[in-house]
Amino acid sequence: MRILSSSLKDCVLRLTPMLLFTAVYMVCFFLLEQRSPDSYHIIECPWDKYIPFCEYFIIPYFLWFAYVVAGVLYLLVTDRAVYHRVCLLLTAGMTLFLIISYIYPNALMIRPGVFPRDNLFTRAVGLLYRIDTPTNVLPSMHVFNAILMWAGLKSGSGRLSRSRMVRFGSTVLMILIVLSTLFLKQHSLVDAVTGVLMAILPALLICRTHAAPVRMPA
């Protein structure tokens with residue numbers, strides 16, 4: 001019982017810095033959202049108009065929240081080394097995003113004025129639009145965090161991380177999350193591509209393999 005209590009306390013202590021950062025990040029993001037719309041640079045790409053609106057992508061878009069939270073908790077319990085790398089790089093990327101948003105405030109104008117259909121999914125998208133303004137979108141944190149979470153789960157040493165089915169499912173979900181930002185018109189191609197480019201190096205750092213131990217000559 002003491003061992004279990006000690007292990008739980010250790011997990012809470014290791015998780016606390018990430019929780020504190022998340023709280024500070026949300027406050028900073030909220031303050032960024034309060035700026036006057038006149039100060040925003042409009043993000044646009046000619047190819048955005050060729051991407052149709054599809055409300056069904058609201059499912060993977062919302063699954064992003066569970067994917068990141070569950071992934072962080074899973075790594076915390078199963079692989080502390082990967083957990084610390086993922087959290088460090090997530091916080092670095094999210095901090096960079098805040099700096100970019102402060103220096104270069106940006107916004108989108110690609111959301112549909114009227115939904116082509118009326119169903120449960122379009123209503124969910126409407127709710128998302130009301131909660132999340134089309135501002136401070138560059139680069140896409142949905143894309144960046146999803147890729148880093150995928151890299152962390154792929155690199156973990158836990159049983160689920162070694163499962164081919166789990167790895168395949170994680171890869172599919174990550175791709176669907178990236179696509180959801182485009183098909184829901186939450187992000188321009190510019191935002192998504194920037195998010196991917198920004199995630200490449202951190203993902204490689206997370207996925208790096210440990211060097212094989214050097215054998216000393218007998």
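**Overall architecture, cores and pockets of the predicted model**

Of the contacts in the protein between residues at least 6 apart in sequence, 89% join residues at least 24 apart. The structure described here is a predicted model. Its secondary structure comes to eight helices and two strands, and from the N terminus on these elements follow the order α-β-α-α-β-α-α-α-α-α. Taken along the principal axes, the C-alpha atoms fill a box of roughly 70 × 40 × 35 Å. The protein has 218 residues, of which 44% count as buried.

A good place to begin a tour of the interior is the nonpolar core. In soluble globular proteins, nonpolar side chains tend to be buried together. Here, the largest nonpolar core brings together 45 residues, and those with the most contacts inside it are Tyr25, Val72, Leu75, Tyr83 and Met149. Six helices each supply at least two residues of this core: H1 (2-33), H2 (58-78), H3 (80-103), H5 (141-155), H7 (164-183) and H8 (189-207). Methionine 149 gives a view of the packing at one of these positions. With its neighbours within four places in sequence left aside, methionine 149 is in contact with Tyr67, Val68, Gly71, Val72, Leu75 and Val86. Another core lies apart from the largest one; it has eight residues, including Phe53, Phe57, Ile58 and Leu128.

Attention now turns to the pockets. The largest pocket has a volume of about 1000 Å³. It is lined by 37 residues, and the closest to its centre are Tyr25, Met26, Trp64, Phe65 and His142. Tyr25 thus appears here as well as among the residues with the most contacts inside the largest nonpolar core. Two or more lining residues come from each of H1, H2, H3, helix H4 (120-131) and H5. Of the elements, H1 gives the most to this lining, with nine residues. By class, the lining is made up of 25 nonpolar, nine polar and three charged residues.

Histidine 142, one of the residues closest to the centre of the largest pocket, deserves a visit of its own. This histidine is found in helix H5. Is histidine 142 buried or exposed? Histidine 142 counts as buried because its relative accessibility is 7%, and the cut-off for burial is under 20%. Beyond its neighbours within four places in sequence, histidine 142 is in contact with Tyr61, Trp64, Phe65, Ile177 and Thr181. Two of these partners, Trp64 and Phe65, are also listed among the residues closest to the pocket centre. With tyrosine 61 the arrangement can be described in finer detail: the side chain of histidine 142 reaches the backbone oxygen of tyrosine 61 at 3.1 Å. Proline 105 offers a reference point elsewhere in the chain, 37 residues from histidine 142 in sequence and 18 Å from it in space, C-alpha to C-alpha.

The second largest pocket has a volume of about 160 Å³. Its lining consists of Tyr67, Tyr74, Trp150, Leu153, Lys154, Leu160, Ser161, Val166, Arg167, Ser170 and Thr171. Tyr67 is also a contact partner of methionine 149. At least two residues of the lining come from each of H2, H5, helix H6 (159-162) and H7, with H7 supplying the largest share, four residues. Sorted by class, six of the lining residues are nonpolar, three are polar and two are charged.

Some details of the backbone complete the picture. The loop between H4 and H5 holds proline 139, and the peptide bond that leads to this proline from leucine 138 is cis, with omega near -10°. Asparagine 136 lies in the loop between H4 and H5 too. Its phi is near 50°, a positive value in a residue other than glycine. Asparagine 136 is buried, with a relative accessible area of 4%. In the loop between H7 and H8 sits lysine 185, whose phi is near 60°, again a positive value in a residue other than glycine. Is lysine 185 buried or exposed? With a relative accessible area of 8%, lysine 185 is buried.

Methods: Residues numbered from 1 in each chain as written. Predicted model: local features only at pLDDT ≥ 70, side-chain atom pairs only at ≥ 80, totals over all residues. Heavy atoms only, no water. Core = buried A, V, L, I, M, F, W, Y, C linked by side-chain atoms within 4.5 Å. Buried < 20%, exposed > 50% of the residue type's maximum accessible area, 1.4 Å probe, protein only. Contact = heavy atoms within 4.5 Å. 1 Å grid on protein atoms, 1.4 Å probe; cavity = no way out; pocket = protein on both sides within 12 Å on 5 of 7 lines; lining within 4 Å. Points joined across faces, edges and corners; volume = space filled by probe spheres on them. Nonpolar A, V, L, I, M, F, W, Y, C, P; charged D, E, K, R; others polar. Polar contact = N/O pair within 3.5 Å; in protein donor to acceptor, adjacent residues only side chain to side chain.
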